[in-house]
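Hi,

Here is the structure I promised to send over. Have a look at it first, and my notes follow below.

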Amino acid sequence: MKKGAVSKTVYREKYTPFAWNLDDVELRFDIDPDSTRVVSVLRMKRNPAAQPDSDIRLDGQQMELLSIAMNDRDLTAEEYSKDEDRLIIHNAPDACTLTIEVLIKPQENTALEGLYLSGDFLLTQCEAEGFRKITYFPDRPDVMTRFEVTITADQRRYPVLLSNGNIVNSGQLEGGRHWVRWMDPFVKPSYLFALVAGDLAHLEDHFITSSGRDVTLRVYVEHENIDRCDFAMKSLINSMNWDEERFDLEYDLDIYNIVATNDFNMGAMENKSLNIFNSKYVLARPDTATDSDYQGIEGVIGHEYFHNWTGNRVTCRDWFQLTLKEGLTVFRDQEFSSDMQSRAVKRIRDARDLRSRQFPEDAGPMSHPIRPDRYIEVNNFYTMTVYQKGAAIIRMYHKLLGEDGFQKGMKLYFERHDGQAVTCDDFLSAMSDANGVDLSLFGRWYGQSGTPEVTASCDYDAEKASFTLHLSQHTPPTNNQQDKLALLIPFEVGLLSPAGEEYPLQLLEEESAPATSRLLLLEQEEQSFTFINIPVRPVPSLLRDFSAPVKLHYSYSVSDLTVLMAHDSDAFVRWEAAQLLAQGEILGNQLGQPQTEELQLDQGLVEAFRTLLQDRHTDPALLAEAMILPGEEYLGEQMAEVDVDGIHAARRYVKRCLADTLRPLFMSRYKELNDAAPYDNSSASMARRSLKNVCLSYLLETEDGADLAQAQLSSSDNMTDSLAALLGLVWSGAAAAGPALEEFEQRWRNDALVMDKWFVIQATKPDPDTVRIVRSLLDHHAFSINNPNKVRSLIGAFAMANPTGFHVVDGSGYSFHADQVIALDALNPQVAARMAAAFNPWNRYDKSRRSLMKAELERISTVDGLSPDVFEIVSTALGMEKPE
Ligand code: 7MF
Ligand code: ZN
């Protein structure tokens, strides 16, 4: 179903408070999948802090209005008006009670926003603006009120009736119906409302909070999944413990419910005491979920739980402030995962994710600051920038203030704003006031888009034993924002002797050398820092811990990189050194070269890999990260114009050379790890599997690979090993790939989450023929265009994780994808818009591909009745032509 609205831009600067306050609201749901009746009783009073308005303007879409009464008297036709998006009550008194009765149709709701059906149960998704599809309401985050919700439904079909807060009453009715009344004692905006009605099983546990509150924890799932909830429950308990210990934040109700659904537009949702999750982030069993699935579950369970304070107790004034809750909560979930698993590995993965996904977004047509200035469709602003760059900016506060200073700031933030809807400026003020520091320069990060580039150079003076680091910063212009200001960039550095020892760092103006790792503050366009008592020309270790979300330019020599990789105390820098060695080889030496028979590589990279493969001290997960070659997308980012086929061939060639040259080492490490220990999901065990499967991926470039993969697949007792082996067989085009895919399909045909993986493996095979396979898989019984997970696994994976397939030179990948975007837009605009974003970097490619992609964007843009969601993406992409 389409949105009725014509595309209209909303501006941050135009914020005005709502003219009315809501004392409380009562909602009554009469559940029926065809037609659910919703009665709302809104008690309203004029808001003295707002510009007076004689009208009450309520948001509402796609519902049938049955009746409307004020203070129990039905309004006449002249007393209100309505259109596609709104209901307006004219000449309202200073205080009144509105009773509104509407009908909605969950069964017809394919957009999965508002109240909809998943299998046999009903559920809601309201963030950001879905509540307006449930009833007429001021659907904005700064209108907060207390909700009382009564749900009536057939007892047999819908034995479980859930909403926010506590159950206050329930009862039986005639005709096999029953009812339950929920009351949420905390005020909240409508986007945090939730309702679930269905026949669900649950796993129960308890958590005693630090002040002694006994909280009942439940994970609700469809009956067949009850044996896959334990890890989610464990993660929830770990999250609750961690937030008490690290942030001194305690849970505030007696119930915490999680519901898993297969039909969800996003990852999960933090509705007060009733989180709703994509089943991908709840269900896990060793034979169905990979290690990265387990890590995803832990992170997302944490994320939604942490929202209870950063998002729910203190929420956003308007959607331009989204990063206030999302950037902060992502930072918190990253810290949680770091404390639970390996901090170094987590940091590297987050940095890689930011660089390979957020940096391109910020250089493309949809580039925006973490606090955007305008939007057409707010759903399009749940972006890598708002979330991941937002988290990186919170991490910089943490770098600048330290853990204690940061916690002081958080404490003041909650003291000031508990129960309020606030802005990013309020957060900055709390951090600044609590620490007595002026953060106004730092505040520029909120309003400036684009990735800053830092260029470093150095001078060594042997006579004075002094080393000077020159840093300069520059942010290139982005779409919509030409002029950029200097930012406050926390830049962490160390200096290593050629033998790898770390020098104590004493700046010229200092009396002593406080540490071997220092945080430099780059605040101007150019600054220099001189360190003294450095007896030998050092190797600089730059941007340690990825201390700021910037691109660093520094010409490291191969020998510098070798020293850093082998000795640096900072895991990010060690990893980055390995990545730079590999990147130099791929982009510098192999790209554009005819790939010869006799395999030849620079010895620097080979020796680096030899060292890694023989290292028995470093965490195997870190070694694995270092040996994963930079991704094709990231490599493409480094080029003026992306050479899709050249990058693929050069990267593959380097991988094959390494595999060939170091085959015995890959083999012995693989065997050793394969025999190590039986399966468990401990951190150490996951780390071993990750290195083992990286070794396998190299060995698949040699003759031994297919047999090893087949043996691993048939003996595996866990999904991580099975999937790595299956993917290896399929991607390498092994003869065994077809039968292996078939066997896997037979075994898992009725398991939605596992079949998603089966789709992804096929959709991401780097082969010009993949588009044909993907097209035929649209007809597979396990695929459905109505299901977002399926769409992401087949269509999304093809368009966004398979450069060779998607960018196939004849444009068939593009036209296939545009067809899917158009078909999907008629059903689910939110997901369609995500898919359409695959075309965003169109002008980064060669002339022929550019014009093919542009033609598809134009074709999409002319579709009749296109949603505002997809319209915003394609029109923004088309607005950014590159001059010939
Ligand atoms: C971890 O942010 C990180 C990000 C909105 C929906 C979940 O809690 C959320 C919701 C989108 C994109 C990413 C995430 C979420 C949403 C997410 C989940 C887990 N408030 Br859209
Ligand atoms: Zn979130």
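In which helix is Gln-579 found? Helix α9, which covers residues 571-590. Keep in mind that this is a predicted model. With a relative accessible area of 6%, Gln-579 falls under the 20% cut-off and so counts as buried. Setting aside neighbours within four places in sequence, Gln-579 is in contact with Glu-625, Ala-626, Ile-628, Leu-629 and Pro-630.

Now the metal. The zinc ion (ligand 2) has His-303 (NE2), His-307 (NE2) and Glu-326 as its protein donors, with Glu-326 listed twice through OE. These donors lie 1.9 to 2.8 Å from the zinc ion, and the spacing of the donor residues in sequence reads H-x3-H-x18-E. Six donor atoms surround the zinc ion, and the arrangement is irregular because the angles they subtend run from 52 to 161 degrees. Both histidines are tucked away: His-303 is buried at 8% relative accessibility, and His-307 is buried at 0%.

Then the rings. The count of aromatic pairs comes to 39. One of them is Phe-798 with Phe-806, an edge-to-face pair at 6.1 Å centre to centre and 90 degrees between the planes. Phe-798 and Phe-806 are both buried. Ring pairs also link a cluster made up of Trp-242, Phe-247, Tyr-251, Tyr-256, Tyr-305, Phe-306, Phe-331, Phe-336 and Phe-406.

Last, a couple of charges over rings. Lys-272 has its charged end over the ring of Phe-186, 4.2 Å from the centre. Over the ring of Tyr-15 sits the charged end of Arg-317, 3.8 Å from the centre.

Cheers

Key. Residues are numbered from 1 along each chain as its sequence is written. Chains are lettered from A and ligands numbered from 1 in the order in which they are written. This is a predicted model: local features need pLDDT of at least 70, side-chain atom pairs count only at pLDDT 80 or more; totals for chains, interfaces and linings use all residues. Side-chain values use heavy atoms; hydrogens and water are left out. Donors are N, O and S atoms within 2.8 Å of the metal (3.2 Å for Na, K and Ca); water is not among the atoms, so sites may look incomplete. Four donors count as tetrahedral if all angles lie between 85 and 135 degrees; four count as square planar and six as octahedral if opposite donors are over 155 degrees apart and all others between 65 and 115; anything else is irregular. Buried means under 20% relative accessible area, exposed over 50%, partly exposed in between (1.4 Å probe, protein chains only). Helices (H or I, at least four residues) and strands (E, at least two) are DSSP runs, numbered from the N terminus. Contact means heavy atoms within 4.5 Å. Rings of Phe, Tyr and Trp (its six-membered ring) pair if their centres lie within 6.5 Å; planes under 30 degrees apart count as stacked, over 60 as edge-to-face and the rest as tilted. A charge sits over a ring if NZ of Lys or CZ of Arg is within 6 Å of the ring centre and within 35 degrees of the ring normal.
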